[in-house]
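Biologist: I should like a close look at a single part of this structure, followed by an account of how the rest of the assembly is arranged around it. Please begin with one loop and proceed from there.

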Amino acid sequence: MLLQQILNGTVSGAIYALFALGFTLIFGVQKLLNLAHGAIFMAGAFIAYYATAQGLPFWFALLLATIATGAISVVVDFVAFRQLRKSGHAEFAAIVTSIGVDLILMNIAQQVSNTKVLSFPFGTFPVKFFSFWGMRISLLQLTILGLVLVLVLALAYYINRTSFGRQVRAVSSNEHASALLGISAAAVYRQTFFIAGALAGLAGVLIGLSFNSIHFMMGEPFLLQAFVVVVIGGLGSLQGAVVAAILIGIVQSLTIAYLSSELSTAIIFALLFVTLLFFPNGLFGRAGNYAGGSRR
Amino acid sequence: MMSFYYSYQPLIDFFLIAVGLGYSQQLALRAGVFSIATAGFSALGAYATAILVTRYGVPVPAAILVSAVVGMAVSYVLSVPLARLRGAFQAIATLAFVQVVIALLLYFESFTGGAIGISGIPRVMNTGWLLLAVLVTIYVIWSINRTSVGRVFNALRQDDSVAASLGVPIKSYYALAFVLSGLIGAVFGALRSLYVFNIEPVDFGFHAMVASLTVVVLGGRNTLLGPIAGALIMAILPELARPLAENRGILNGVILILVITFLPNGVGDELVYWLRRRLRRAPKTMSKRKEGADVVAAD
């Protein structure tokens, strides 16, 4: 029972990681909180649902949703963030503009779905269980774990080993200096927003599939969780985000199983507060990203 | 005039509550504390008053006083860890505070009524009392602005290391701004609970947090006009968008984006700065979007 709960927690933690990776990427590169990230996540689930409802195969719907949410995220950057980067108050203003985008996307989704809770038709993904050491794991859970592992490794390779990844890191540490070296900051922002959106959309499809419920407000709790992941993992630290997300998934499934679901929220956010106090860098953050450092 | 008042009375009352919560939010922001804890303070104030009045029969003024004390005490305790953080991290920490408050309100069901909340709160508030509360708040903040405390708050927002180098005990002033913010937030939370008959934890969740932040960012973070202008926009927008029926959210979103993109200081602040420039008739060359405008506002 305990091991089973830990396993389930790991799987949901892996999906949280997909969501939080994009959030921490934008936060790490631009120091902006993108509150529209939850709505983009929701859009992924919606696109995949309507694509399968049109009779498209599921793998194609998944791919379509991933690419479409990446594109939506780039549009969000263009509409809500591009202008603000030029003015001095982006930190406050970005919160409001991204809430604006959030409202627009949620309103569209509410209209499209008539405020109903949608779910993928039974058998969209083959229902199959494997048993080992007294635990049960479904084919879906296994696929999710594999997919997340591959994507996280690919992203880590991309950021740490390729020329583009070096540009991302350069822009995140000093935009002006990297512009002098001929790096286009705008292109870097576009690409980070595309990756972040695509990961969020994919997470939306996987959550919609494993919890079997898709509705226009589904992004909000995940957005709140992403804050916790970003802080516990450390600002802009990708491996930190993955570890923190899985940790939160496990804590959550254990508290829900043994205590209560309301208490689980309280414990997770208390955990966030304690981390901010005693490890302001997060568990994996570097000293340069110190949370108590200068505002400018 | 009177018929206008009667047909829009609830709108006016909620506008006044939004202005009050806006001042709570603004006080923290203008002292450089990126707090979004106002929703949490108003939840504490609302529940303290509601529980005291409905369960223990405490007279209303005493209950509001207790709410104010609770708000100040909690915000003081919270200000100690908050002083160690900066910028977006303060926002995330205060967000965590609000989430913990709401989760606990849901958990201690026997005391707080859980998800159903508390109902049957006597409705003793009306437009007059709310207006009085807002006016008192404005007077208090206006008086603060005229003393050195107001100047210290502005200095903290613009550059806290400079303030520290000039001998300002910055932690105490951060704490003072945050306690005032907690006080105003808790009092207006209490007034709100005495107006709406029943309260539940959802009233104080993510949406409440976003609402009071939006009021201040839209209206302006530095001038007294800011929260009034912001709350006015947020009150009028849904009315204007009524013909659009279900597409109201889209219009709200578009207006939020446009206002912030083109008036980054907020409507109220930009108006005040513009009036000041006009009144002085001095051609100002400094950029109005940079901190130079703050210096104009700080006198």
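Modeller: P122(B) counts as exposed, because only residues with 12 or fewer C-beta neighbours are placed in that class and P122(B) has 11 inside 10 Å. The model is a predicted one. P122(B) sits in the loop of chain B that joins α6 (109-112) to α7 (127-146). From P122(B) to L132(B) the separation is 10 residues in sequence and 19 Å in space, taken between C-alpha atoms.

Another loop of chain B, between α10 and α11 (206-219), holds F197(B). With 13 C-beta neighbours inside 10 Å, F197(B) is classed as partly exposed. Its backbone deserves a remark: F197(B) is not a glycine, yet its phi is positive, at about 70°. Most residues other than glycine have a negative phi. Chain A offers a further case in N212(A), whose phi is near 55°, again a positive value in a residue other than glycine. N212(A) belongs to the loop between α8 and α9 of chain A, and with 13 other C-beta atoms within 10 Å it is partly exposed.

A helix of chain B, α4(B), provides a contrast to these loops. Its buried residues include A63(B), I64(B), G71(B), M72(B), L78(B) and L82(B). The buried residues of α4(B) pack against α3 (38-56), α5 (87-107) and α10 (170-193) of chain B. The length of α4(B) agrees with expectation: its 23 residues, 60-82, should span 33 Å at 1.5 Å a residue, and its end C-alpha atoms are 32 Å apart.

The UniProt record, an unreviewed entry, lists "transmembrane region" features in chain B, among them residues 60-80, 87-108 and 249-267. In the model, residues 87-108 of chain B are 95% helix and 0% strand, with end C-alpha atoms 32 Å apart. Residues 249-267 of chain B are 79% helix and 0% strand, and there the end C-alpha atoms lie 20 Å apart.

For chain A, the "transmembrane region" features in UniProt, also from an unreviewed entry, include residues 32-52 and 133-159. Residues 32-52 of chain A are 76% helix and 0% strand, with 34 Å between the end C-alpha atoms. Residues 133-159 of chain A are 78% helix and 15% strand, with a corresponding distance of 37 Å.

Helix α5(A), residues 139-161, has 23 residues that should span 33 Å at 1.5 Å a residue, which agrees with the 32 Å between its end C-alpha atoms. Within α5(A), I144(A), V148(A) and V152(A) are buried. The buried residues of α5(A) pack against α1 (2-30), α8 (185-211) and α10 (238-258) of chain A. The axes of α5(A) and α6(A), residues 163-173, come within 5 Å and cross at roughly 70°; the two helices are therefore roughly perpendicular to each other. Their contact brings Y158(A), I159(A), N160(A) and R161(A) of α5(A) to F164(A), G165(A) and V168(A) of α6(A). By class, this contact of α5(A) with α6(A) has 4 nonpolar, 2 polar and 1 charged residues.

Finally, the two chains meet through 43 residues of chain A and 38 residues of chain B. On the side of chain A that touches chain B, α3 (58-86), α4 (90-113), α9 (219-233) and α11 (261-278) each supply at least two residues. The largest share, 14 residues, comes from α4(A). By class, this side of chain A has 26 nonpolar, 12 polar and 5 charged residues.

Conventions
Residues are numbered from 1 along each chain as its sequence is written. Chains are lettered from A and ligands numbered from 1 in the order in which they are written. This is a predicted model: local features need pLDDT of at least 70, side-chain atom pairs count only at pLDDT 80 or more; totals for chains, interfaces and linings use all residues. Two residues are in contact if their C-beta atoms, placed from the backbone, lie within 7 Å. Helices (H or I, at least four residues) and strands (E, at least two) are DSSP runs, numbered from the N terminus. Ala, Val, Leu, Ile, Met, Phe, Trp, Tyr, Cys and Pro count as nonpolar, Asp, Glu, Lys and Arg as charged, and the others, Gly among them, as polar. The expected span of a helix is 1.5 Å times one less than its number of residues. A residue is buried if 20 or more other C-beta atoms lie within 10 Å of its own, exposed if 12 or fewer, and partly exposed in between; C-beta atoms are placed from the backbone. Axes are lines fitted to C-alpha atoms, for helices over the stretch in contact, and angles run from 0 to 180 degrees between N-to-C directions. Angles under 35 degrees count as roughly parallel, over 145 as roughly antiparallel, 65 to 115 as roughly perpendicular and the rest as oblique. UniProt positions are given in the numbering used here, feature names are shortened, and annotations may be inferred rather than shown by experiment.
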